[in-house]
Amino acid sequence: MSRVLNAIVAVCPNMGIGNNGNLPWHPIRLSNEFKHFRKMTSTPSAEGKQNVVIMGRKTWFSIPEKNRPLSGRINIVLSRELKEAPPGAHHLASDFSSALRLLDTAEMADTADQVWVIGGSSLYKFDCDTFLPEISMDKYRLLSGVAGVAEGMQEEHGVQYSFEVYES
Ligand SMILES: NC(=O)c1ccc[n+]([C@@H]2O[C@H](COP(=O)([O-])OP(=O)(O)OC[C@H]3O[C@@H](n4cnc5c(N)ncnc54)[C@H](OP(=O)(O)O)[C@@H]3O)[C@@H](O)[C@H]2O)c1
């Protein structure tokens with residue numbers, strides 16, 4: 001079954017997405033940014049279904065233990081080394097294609113809804129190399145007025161950022 005892949009990333013002006021295993025702005029906590037991430041990745045398009053988040057091993061372990069797995073979502077962790085899913089994760093996959101194949105198993109076919117790739121960097125790269133054309137921004141359209149997405153510059157704890165939703 002073909003599926004739309006969604007990717008979400010919080011990125012600095014210098015394209016940085018992480019530092020020392022944390023988000024670049026750690027220990028500052030951008031709660032509205034976090035809420036945006038949760039809303040986008042958690043909200044299924046149909047009642048009774050759950051979205052899926054796919055992440056690399058380091059991103060999984062970058063999530064505070066008390067917040068793992070990301071609630072209300074099916075958590076798939078990618079690793080070539082791990083032999084079993086880390087405690088709390090719902091599934092382990094040894095490559096991206098295997099992760100997508102999991103979604104077609106009887107266990108998940110009826111429950112898995114949107115698929116969200118949530119990092120880290122190799123996942124975004126892998127996505128582009130394998131499933132999407134090279135990201136040239138001229139192929140994407142910046143949407144405005146997306147329901148529930150705040151517009152304009154946001155600021156939390158002195159850190160400014162904005163939400164951007166693109167459609168290809
Ligand atoms: N700003 C954001 O939106 C955002 C989002 C996510 C993460 N981050 C940050 O990014 C950092 C973590 O990201 P990262 O890029 O260092 O690591 P990562 O991609 O989360 O994890 C890398 C590991 O994932 C496994 N992996 C990745 N691609 C795979 C594939 N195609 N098939 C099988 N296994 C695969 C491998 O695990 P094994 O070594 O076990 O084989 C690899 O060593 C942290 O600082 C985190 O806070 C930021």
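# A tour from the loop to the ligand

Let's begin with M15, which you will find in the loop between β1 and α1. Keep in mind as you click around that this is a predicted model.

**Stop 1: the loop between β1 and α1**

Select M15 and look at its backbone. Its phi is positive, about 70°, although M15 is not a glycine. Is M15 buried or exposed? Its relative accessibility is 62%, so M15 counts as exposed.

Now move along to N20, which sits in the loop between β1 and α1. Here phi is near 50°, again a positive value in a residue other than glycine. N20 counts as exposed because its relative accessibility is 73%. Why pause at these angles? Most residues other than glycine have a negative phi, so a positive one is worth a look.

Next, select H26 and P27 together. The peptide bond that runs from H26 to P27 is cis, with omega near 10°. P27 belongs to the loop between β1 (5-7) and α1.

**Stop 2: helix α1**

Select residues 31-42 to light up helix α1. How far does this helix of 12 residues reach? From the first C-alpha to the last it spans 16 Å, close to the 16 Å expected at 1.5 Å a residue.

Color E33, H36, F37, M40, T41 and S42 next: these residues of α1 are buried. What covers them? Show the strands β2 (50-56), β3 (73-78) and β5 (112-117), which are among the covering elements. The cover also includes β7 (154-156), β8 (159-161) and β9 (165-167).

**Stop 3: N75 in strand β3**

Stay with β3 and select N75, which is found in this strand. With a relative accessible area of 0%, N75 is buried, since buried means under 20%. Show its side chain and look for two polar partners. A polar atom of the N75 side chain lies 2.8 Å from the backbone nitrogen of L70. The side chain of N75 also reaches the backbone oxygen of R73, at 2.8 Å.

Which residues touch N75, leaving aside its neighbours within four places in sequence? They are V53, M55, W60, P69, L70, A89, H90 and H91.

Pick P69 from that group and include R68 in your selection. A cis peptide bond joins R68 and P69, and omega is about -5°. P69 lies in the loop between α2 and β3. Most peptide bonds are trans.

**Stop 4: the ligand**

Center the view on the ligand. How many residues surround it? There are 27, and the closest are A10, R57, T59, S79 and R80. Color the shell by residue type and you should find 9 nonpolar, 13 polar and 5 charged residues.

Now try tracing some distances from the oxygen atoms of the ligand:

- R80: a polar backbone atom of this residue is 2.8 Å from an oxygen atom of the ligand.
- E81: a backbone N or O atom lies 3.3 Å from an oxygen atom of the ligand.
- S122: an N or O atom in the side chain is 3.3 Å from an oxygen atom of the ligand.

Turn on a surface for the ligand if your viewer allows it. Taken alone, the ligand exposes 910 Å², and the protein buries 86% of that. Which elements give two or more residues to the shell? They are α2 (57-62) and α5 (121-130). The largest share, 5 residues, comes from α5.

**Stop 5: S122 in helix α5**

Zoom in on S122, which lies in helix α5. Its relative accessibility is 46%, so S122 counts as partly exposed. Add G56 to the selection: S122 and G56 are 66 residues apart in sequence, and their C-alpha atoms are 7.9 Å apart in space.

**Stop 6: S94, with R80 again**

For the last stop, select S94, in the loop between β4 (91-93) and α3 (96-102). S94 is partly exposed, with a relative accessible area of 45%. Leaving aside its neighbours within four places in sequence, which residues is S94 in contact with? The answer is S79 and R80. Both residues are listed with the closest ones around the ligand. S94 and R80 are 14 residues apart in sequence and 4.8 Å apart in space, C-alpha to C-alpha.

Terms used
Residues are numbered from 1 along each chain as its sequence is written. This is a predicted model: local features need pLDDT of at least 70, side-chain atom pairs count only at pLDDT 80 or more; totals for chains, interfaces and linings use all residues. Side-chain values use heavy atoms; hydrogens and water are left out. Helices (H or I, at least four residues) and strands (E, at least two) are DSSP runs, numbered from the N terminus. Buried means under 20% relative accessible area, exposed over 50%, partly exposed in between (1.4 Å probe, protein chains only). Contact means heavy atoms within 4.5 Å. The expected span of a helix is 1.5 Å times one less than its number of residues. A residue is near a molecule or strand if one of its heavy atoms lies within 4 Å of it. A polar contact is a pair of N or O atoms within 3.5 Å; within protein, one must be able to donate a hydrogen and the other to accept it, and residues adjacent in sequence count only if both atoms are side-chain atoms. Accessible areas come from the Shrake-Rupley method with a 1.4 Å probe; for residues, only the protein chains shown count as cover. Ala, Val, Leu, Ile, Met, Phe, Trp, Tyr, Cys and Pro count as nonpolar, Asp, Glu, Lys and Arg as charged, and the others, Gly among them, as polar.
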